[in-house]
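Q: I have a new model open and want to learn how to read it. Can we go through it feature by feature?

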Number of protein chains: 2
Amino acid sequence: MENTLEKSAMSISIPKVHETEQLSKMLGSNAKPSREYEEQREIQENNGQMSLAITECIEKTQVKLAEIITHYVGTLNEKKLHFLGYPTNQDFDYDALAPLLNFHLNNAGDPFSGSNFGLNSSNFECCVLEWFANLWEINKGEYWGYVTTGGTEGNLHGILMGREKFPNGILYTSQDSHYSIFKIAQMYRMQCVTVGTLVSGEIDCVDLKALLVGHRDKPAIINLNIGTTMKGAVDDIDLVVQTLENSGFSHDQFYIHCDGALFGMMLPFLKQAPGITFKKPIESITISGHKFLGCPIPCGVLMTRIEHINSLSRDVEVIASKDVTITGSRSGHAPIFLWYALNKKGLIGMENEIQKCMMNARYLRDQLRDAGIGTMLNEFSCTVVFERPLDDSFSRKWNLAWKKNIAHVVVMQHVTIELLNNFINEFIQKRRIWFQNELRNPPCLADDIGAENCTCILHY
Amino acid sequence: MENTLEKSAMSISIPKVHETEQLSKMLGSNAKPSREYEEQREIQENNGQMSLAITECIEKTQVKLAEIITHYVGTLNEKKLHFLGYPTNQDFDYDALAPLLNFHLNNAGDPFSGSNFGLNSSNFECCVLEWFANLWEINKGEYWGYVTTGGTEGNLHGILMGREKFPNGILYTSQDSHYSIFKIAQMYRMQCVTVGTLVSGEIDCVDLKALLVGHRDKPAIINLNIGTTMKGAVDDIDLVVQTLENSGFSHDQFYIHCDGALFGMMLPFLKQAPGITFKKPIESITISGHKFLGCPIPCGVLMTRIEHINSLSRDVEVIASKDVTITGSRSGHAPIFLWYALNKKGLIGMENEIQKCMMNARYLRDQLRDAGIGTMLNEFSCTVVFERPLDDSFSRKWNLAWKKNIAHVVVMQHVTIELLNNFINEFIQKRRIWFQNELRNPPCLADDIGAENCTCILHY
């Protein structure tokens, strides 16, 4: 029956696509050159890049598409050899999950109440959340959370919970916070107070206190950075809580959200590091799944004390679940990637990876310092901050992130000593040219990374 | 050198993971049962489901993980045989893209200005956007857009642009809108006015006019549904614009966003369907990429007139790009999936798929009607709405979505006549039992789907 119907569908009088005004344009621009010409044009490399324009009205052969993808994979492999500036672990292997590419998986709704969208991975998601609940020391029944599309969604959720608890609360966040925090304040129409930072990048609690006292009439919603974007600095939760108390804020007058992007899941593995735990008076934490664990697609974990979610939660009949997340449809693949990575690495494996990253970061710091380059590495951090290379094309080649006078390398699992050596050697060599063989002096970076780390003529 | 350092890292005095308080608990709970016991417990199926708990402190063997995934893929294939109620095309083949699973790709920032995150697919993304710009008839240089994490993010962006243009504007949306719209109004602290709908699900412009006139003092931000979630109804853009004009709103006093979830990209292929085009006074459109095109992960496309984005745009040095999207880090895979699907299908292929979905939807409607089941199918829609099955477990088995008295099937590409026949036969058979062999009468659905579609004793 199917076949008959399909065939008849082809001959019924549904308008041909080229008869519609909108689509005739798409076909028109494309009807002139021959198919051979188009194919040749697309295969042809312009500046080493294949043309990707979707110009044909008839379907491309799979062979041709595969050719473009193969070329693209080649360029990615090239780029991976110089990928230093972003906190994303590129060392993973999810080949075993390739069969899942055949399904659209969707965890719409509340992971704990499931949904009618049968092709979901909520069971995997709940296990991932349980793992993080153990990591951050919060009991079953006391937390709620979900796998997000990344750190920003986690921040969107955590800060929203804060605002719903304190509708007239003020959002405090340090000037070194991720750019998403300031955007979120705008989106949510929240008063946002920017707090100064120490040279390390950590929130300055002296400044925080002055600001808190100046706005004593309104509750405080505090975003803390467990790893700032640029310097990998960790805001001191205990000191912030103490500052709140000293400024006259009782525990029912503030809400602390932790943006744990990279370090939120690494610090618990480092003995002397400050604890990231719900035993402290924090209300929500988020981390990025694609950062330390590594994941093809951006994702993250948001965890909050369960009492906060009622403000957003709505029963949604159409999915037979609750709408309590920021995005509605959510990737079912992301939780499986995380589940797989957590299982495959194991706790010992993770600890080893963290050790290696920290060791290699210290190696990079030492090598740069030895070469007379101003460099800073915060404790419990794998983000090595240094003098910004004078030539941006060098920074782009090595995928460095920069801000004003400084640049950084984030030493993730794929950043080997060999890779670092290649980078260091080229940096030193190029720098000699930029500085005209020492006719020019290194810049003063005392304000950026501290006098003790600066190699300018005054401080070195 | 690498090896030496790695080895020495293993023996330096970084604390053992089990020495930390937080992690000792994770290990502790797990130290008691033997590994054999744990393995057995996990392999063992409980109610047909493997335990997925992440309980081991040492890494699981890949073989074992692969076993769990294989089992899971089996259950997904089972579920796919009954997947009828959600508008997600499950008929796709992205095997050629499997090599991309080895990279974390991230399109952080503005796709048009690129970013320093070298492992991106912005070129693919721009081509996808160009394709949609052609579809929706807006010239290069006049649009801006990006590939989102799904329809909700597109709505978040479109409505934010509206609010930033009209800070005191009122959001109007019909009661049949997707649940995300009402959540967004709460998030953005916008006054939201809910407009009634016709029986078809389409926005009721008589009600809209009354509401507009009642709030004449404030600009109007209108969300239109190009395909409502439950009934697949298409709001009439032209009639809404006319209603705005008739209510005394000049064109600089309103902002129209179109939630085109499923139909926003299908309608342009249907000759008699109302045009979805930027030639009309609309400001932004969003569609879901995983709906019609099909994609493993949720994604979407947001397109807006370029003049709106300045309100959100911020230069972000750390990624050497502009922050102008809702999420910051964005999937680099999603645009490639969309690019691949658009290329592989081609315009003719897409038209054929749409024809087939429409045909099969009509087939389902006719078969249900012939069986005396109240059924509605809107014009230009593949969402077949019918009497809600009395047994929710039947609905769950077939992944139907329901709301109050009605349920629906969305006839996507994977929904074959054979699949429909299986569903119809079981529905009719079960319904006979629920209705005790016609001792009980069908419910009246005149208010839900119209008297002409109702099969109750009064209307049939």
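**Reading the model**

A: Start with the fold of one chain. Chain A has 13 helices and 15 strands. Keep in mind that this is a predicted model.

Q: What share of the 460 residues in chain A is buried?
A: Buried residues account for 63% of them.

Q: How much of the contact set in chain A is between residues 24 or more positions apart?
A: Take the contacts in chain A with a separation of 6 or more. Residues 24 or more positions apart make up 68% of these.

Q: How do I read a nonpolar core?
A: The general idea comes first. In soluble globular proteins, nonpolar side chains tend to be buried together. Now the case here. The largest nonpolar core has 257 residues. Phe132, Trp339 and Phe423, in chain A and again in chain B, touch the most other members. A second, separate core has 42 residues, including Ile309(A), Ile326(A), Trp144(B) and Ile221(B).

Q: Which residues does Phe132(B) touch, leaving out those up to four places away in sequence?
A: Its partners are Met265(B), Ile287(B), Leu293(B), Val301(B), Met303(B) and Leu342(B).

Q: How many disulfides does a search of the whole structure find?
A: The search gives zero over all chains. Check the sulfur distances against the 2.5 Å cut-off. For Cys299(A), the nearest cysteine sulfur belongs to Cys295(A), 3.7 Å away, and Cys299(A) is in no disulfide. Cys454(A) is in no disulfide either; its nearest cysteine sulfur, that of Cys456(A), is 3.6 Å away.

Q: Is Cys454(A) buried or exposed?
A: Cys454(A) counts as buried, because its relative accessibility is 2%. Cys299(A) is at 0%, so it counts as buried too.

Q: How do I read the sign of phi?
A: Most residues other than glycine have a negative phi. Look for exceptions. Arg189(B) is not a glycine, yet has a positive phi of about 55°. Arg189(B) sits in the loop between α7 (179–187) and β5 (192–195) of chain B. Its relative accessibility is 31%, so Arg189(B) counts as partly exposed. Phe380(B) also has a positive phi, near 60°. Its loop runs between β12 (375–377) and β13 (383–387) of chain B.

Q: What lines the largest pocket?
A: The lining has 22 residues. Nearest the centre lie Gln175(A), Asp176(A), Met230(A), Lys403(A) and Lys404(A). By class, eight are nonpolar, six polar and eight charged. The pocket volume is about 510 Å³.

Q: Which elements each supply at least two residues of that lining?
A: Chain A gives α7 (179–187) and α13 (446–449), and chain B gives β10 (314–316).

Conventions:
Residues numbered from 1 in each chain as written. Chains lettered and ligands numbered in written order. Predicted model: local features only at pLDDT ≥ 70, side-chain atom pairs only at ≥ 80, totals over all residues. Heavy atoms only, no water. 1 Å grid on protein atoms, 1.4 Å probe; cavity = no way out; pocket = protein on both sides within 12 Å on 5 of 7 lines; lining within 4 Å. Points joined across faces, edges and corners; volume = space filled by probe spheres on them. Helix = DSSP H or I, 4+ residues; strand = E, 2+ residues; numbered from the N terminus. Nonpolar A, V, L, I, M, F, W, Y, C, P; charged D, E, K, R; others polar. Core = buried A, V, L, I, M, F, W, Y, C linked by side-chain atoms within 4.5 Å. Buried < 20%, exposed > 50% of the residue type's maximum accessible area, 1.4 Å probe, protein only. Contact = heavy atoms within 4.5 Å.
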